[in-house]
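Please examine the structure shown here. The briefing that follows treats helix packing, the nonpolar cores and a surface patch.

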Amino acid sequence: MIEIKGLHKTFGEQKVLDGVALQIDKGRTTVILGGSGVGKSVLLKHIIGLLRPDRGEIRIEGLDITRLEGKDLNEMRKKFGMLFQEAALFDSMTVGANVAFPLREHTKLKEKEIKEIVAQKLEQVGLEGLEEKMPAELSGGMKRRVGLARALSLDPEIVLVDEPTSGLDPVMAEAIEELIIETQRRLGETFVVITHDIHTAFHIGHKIAMLHDGRIVEEGSPKAFRRSSNPVVQAFLARGEEKEV
Amino acid sequence: MLKAINAVGEGVAGYLREMGRMFLLLLNTIRWSLYPPFRFDLLFQQMERVGVKSILVVVLTGAFTGMVMGLQTFYATRKFGAETMVGVTVALAMTRELGPVLTSIMVTGRAGSAMAAEIGTMRVTEQIDALFAMAVNPIKYLIVPRVMASIVVVPILTIIADFVGIVGGYFVGVIILRINAGAYVANMEKYVDLDDIYNGLIKAAVFGLILSLVGCYKGFTTTGGAEGVGKATTQSVVLAAVTILMADYILTAVMF
């Protein structure tokens, strides 16, 4: 379980997080929803310790990641897998080497075992046999699949996903959402997904939290979230539905 | 007038600030290079990229510099009948000055710029964040091998440039301009010390450190997408070249 309390972050003059509080349940998918530029990615980067807050804490199974440093921080990070917005694959390496990267860095597995795991992870995301391709040869959707395979290669406890469907066509977006749902169900891991896409949020989330003006203004199950009387949530939902029509 | 002074002041302050940050990066790089595991695979990979792939350009630069030096000193020394000093002049200029400086400027253009572009692209496409997120320190993984490789490889390239330059000078002086070969070589032996060569190589190692550190720093601090990567790359070449020439003056004043 991840517990975020009173998280504040300011960049220069700009206040991005202004007391974020949120509880992320173990083994469930929590979606953090919000418009562009409200600081969703900033929040996600705090959870894995890529950014330090000005104030506040993030407890992961009791340990405050915002206070960890060096080796302890790295040990904590090994519990995470992260899928970046544009996948952030290493473009100097093949697909296979990308997925194998965390295994080569952090385990003492033999090359043969690593190959087997890579093949298995790629198969799970529907890309079997693509080990030798370079990331530049892949479509946006395929890159994200490889990114997910890489995020899962160390069997992490928590998977962070940054805007999984932005910039994808609806069919591809749906396929990625299905992949996330299916993966979460199969592995029972904790997923934290950030998105500005309402459809994605309702499709994959067990819990939805809305980030607005640096705070979580509403949270709850998809059903409860839809019924929220919060005007910000209603405006966001109305705009999203307009777009779908 | 005040505005102009202000602008100059800001420029100098900016340059000093960059130097300070680079110095911090250097300390971090040294720190991370001392912790195991030592990544010889990455080191050799970078030595190939920075070193082996720069050989051709270094040979060409060294050869033509030696040849042009031979030609110029011949015209200058002929006026007072000291043509046999052409060899010494070429050899001293190459080993003390032109070898290390021109080699490191060429390597800056070829490899230092590539470091800035590659690491800069990794920064703007979140690959550096991905390294952090996968509990791999990017300074250890990306910067340590590049800096170490450059410190080792630029002196080796300088030896090649020195040699080729001296051969180029000999070719022009003895074969084309018909200077007496015996006197040409004897003078060279007499007046060029091993220290001239060693000091040149120490310079080369320092320049290797500068060009790789600047390239990595500029790449690592890139912001602003593809345009930012372009800017970082250009700036890395300019900053590294200027810093190398400044360091050259200081090292020369201290060593010779």
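In this predicted model, helix 2 of chain B packs its buried residues against helix 4 (86-124) and helix 6 (138-176) of chain B. Helices are DSSP runs (H or I, at least four residues), numbered from the N terminus. Local features need pLDDT of at least 70, side-chain atom pairs count only at pLDDT 80 or more, and totals for chains, interfaces and linings use all residues. Residues are numbered from 1 along each chain as its sequence is written, chains are lettered from A in the order in which they are written, and side-chain values use heavy atoms, without hydrogens and water.

**Helix 2 of chain B**
- Leu42(B), Leu43(B), Gln46(B) and Val50(B) are the buried residues (under 20% relative accessible area, 1.4 Å probe, protein chains only) of this helix, which spans residues 40-50.
- These residues line one face of the helix, because they fall within an arc of 100° seen down its axis.

**Nonpolar cores**
- The largest nonpolar core (buried Ala, Val, Leu, Ile, Met, Phe, Trp, Tyr and Cys residues joined through side-chain atoms within 4.5 Å) has 80 residues, and Ile2(A), Ile4(A), Ile47(A), Phe80(A) and Leu160(A) touch the most other members.
- Helix 6 of chain B gives the most to this core, with ten residues.
- A second, separate core holds 40 residues, among them Leu122(A) and Val193(A).

**Surface of chain B**
- Phe23(B), Leu24(B), Leu27(B), Ile30(B) and Leu34(B) make a nonpolar surface patch of about 520 Å².
- Leu34(B) belongs to helix 1 (residues 2-34) of chain B and counts as exposed (over 50%) at 60% relative accessibility.

Technical notes:
Helix = DSSP H or I, 4+ residues; strand = E, 2+ residues; numbered from the N terminus. Arc of directions from axis to C-beta. Contact = heavy atoms within 4.5 Å. Patch = residues over 30% accessible without salt bridge, like charges linked within 9 Å, V, L, I, M, F, W, Y side chains within 5 Å. Areas by Shrake-Rupley, 256 points an atom, 1.4 Å probe, with all protein chains shown as cover. Salt bridge = Lys/Arg side-chain N within 4 Å of Asp/Glu carboxyl O.
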